[in-house]
Amino acid sequence: MAPATHTRFIRFLQEELAISDSSIAFALRHREQNHGPLPMILWQYGLVTLEQLDRIYDWLESAVS
């Protein structure tokens with residue numbers, strides 16, 4: 001993910017989905033260890049619901065098209 005898109009994505013998580021900064025930081029740390037996609041890490045640790053996960057993937061799809 002390009003740096004500008006990553007920044008917009010983090011802002012989307014914070015503003016649209018109300019994911020806390022600490023939850024995002026936790027997921028980012030685990031992504032470095034597990035090398036998995038951030039949305040899946042957020043979901044695996046219960047930081048987002050399936051509905052939110054759908055919204056994340058919809059956002060990501062529109063951001064790269």
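# A four-helix chain, read from Trp-59

Trp-59 lies in helix 4. The model is predicted, and this residue serves as the starting point for a walk through it. With a relative accessible area of 17%, Trp-59 counts as buried because the cut-off for that class is under 20%. Leaving aside neighbours within four places in sequence, Trp-59 is in contact with Thr-5, Arg-8, Phe-9 and Phe-12. Two C-alpha distances help to place Trp-59 in the fold. His-30 is 29 residues away from Trp-59 in sequence and 22 Å away in space. Leu-13 is 46 residues away from Trp-59 in sequence, with 10.0 Å between the two C-alpha atoms.

The overall fold comes next. The chain has four helices and zero strands, and along the sequence the pattern reads α-α-α-α. The radius of gyration is 11 Å, close to the 11 Å that the globule rule gives for 65 residues, so the chain is as compact as a globular protein of that length. Along the principal axes, the C-alpha atoms fill a box of roughly 30 × 25 × 20 Å. Among contacts with a separation of 6 or more, 44% join residues 24 or more positions apart. The contact between Trp-59 and Thr-5 can be read with this in mind.

Thr-5 sits in helix 1, which covers residues 3-15. Its relative accessible area is 15%, so Thr-5 is buried. Beyond its neighbours within four places in sequence, Thr-5 is in contact with Trp-59 and Ala-63. Phe-12 also touches Trp-59, and its other contacts outside the four-place window are Leu-17, Arg-55 and Ile-56.

Now to the interior. The largest nonpolar core holds 15 residues, and those touching the most other members are Phe-9, Phe-12, Leu-13, Leu-38, Leu-42 and Ile-56. Two or more residues of this core come from each of helix 1, helix 2 (21-34), helix 3 (38-44) and helix 4 (50-64). Helix 1 contributes the most, with four residues.

Leu-13 shows how such a core residue is surrounded. Leu-13 is found in helix 1, and its relative accessibility is 0%, so Leu-13 counts as buried. Not counting residues up to four places away in sequence, Leu-13 touches Ala-18, Ile-19, Ile-24, Leu-38, Leu-42 and Ile-56. Of these partners, Leu-38, Leu-42 and Ile-56 are also among the core residues with the most contacts to other members.

Arg-55 offers a contrast in burial. Arg-55 is in helix 4, and at 36% relative accessible area it is partly exposed, because the value falls between the cut-offs of 20% and 50%. Outside the four-place window, Arg-55 touches Phe-12, Glu-16 and Leu-17. Phe-12 and Leu-17 also touch each other. Arg-55 and His-6 are 49 residues apart in sequence, and their C-alpha atoms are 16 Å apart.

Finally, the chain as a whole can be described by its burial, surface and charge. Buried residues make up 34% of the 65 residues. The accessible surface comes to about 4,300 Å², and carbon and sulfur atoms account for 52% of that area. The chain carries 5 positive and 8 negative charges, and the mean positions of the two sets are 7 Å apart.

Technical notes:
Residues are numbered from 1 along each chain as its sequence is written. This is a predicted model: local features need pLDDT of at least 70, side-chain atom pairs count only at pLDDT 80 or more; totals for chains, interfaces and linings use all residues. Side-chain values use heavy atoms; hydrogens and water are left out. The radius of gyration is taken over C-alpha atoms; the globule rule is 2.2 Å times the number of residues to the power 0.38. Buried means under 20% relative accessible area, exposed over 50%, partly exposed in between (1.4 Å probe, protein chains only). Contact means heavy atoms within 4.5 Å. Accessible areas come from the Shrake-Rupley method with a 1.4 Å probe; for residues, only the protein chains shown count as cover. Lys and Arg count as positive and Asp and Glu as negative; His and the chain ends are not counted. The place of a charge is taken as NZ of Lys, CZ of Arg, CG of Asp or CD of Glu. A nonpolar core is a set of buried Ala, Val, Leu, Ile, Met, Phe, Trp, Tyr and Cys residues joined through side-chain atoms within 4.5 Å.
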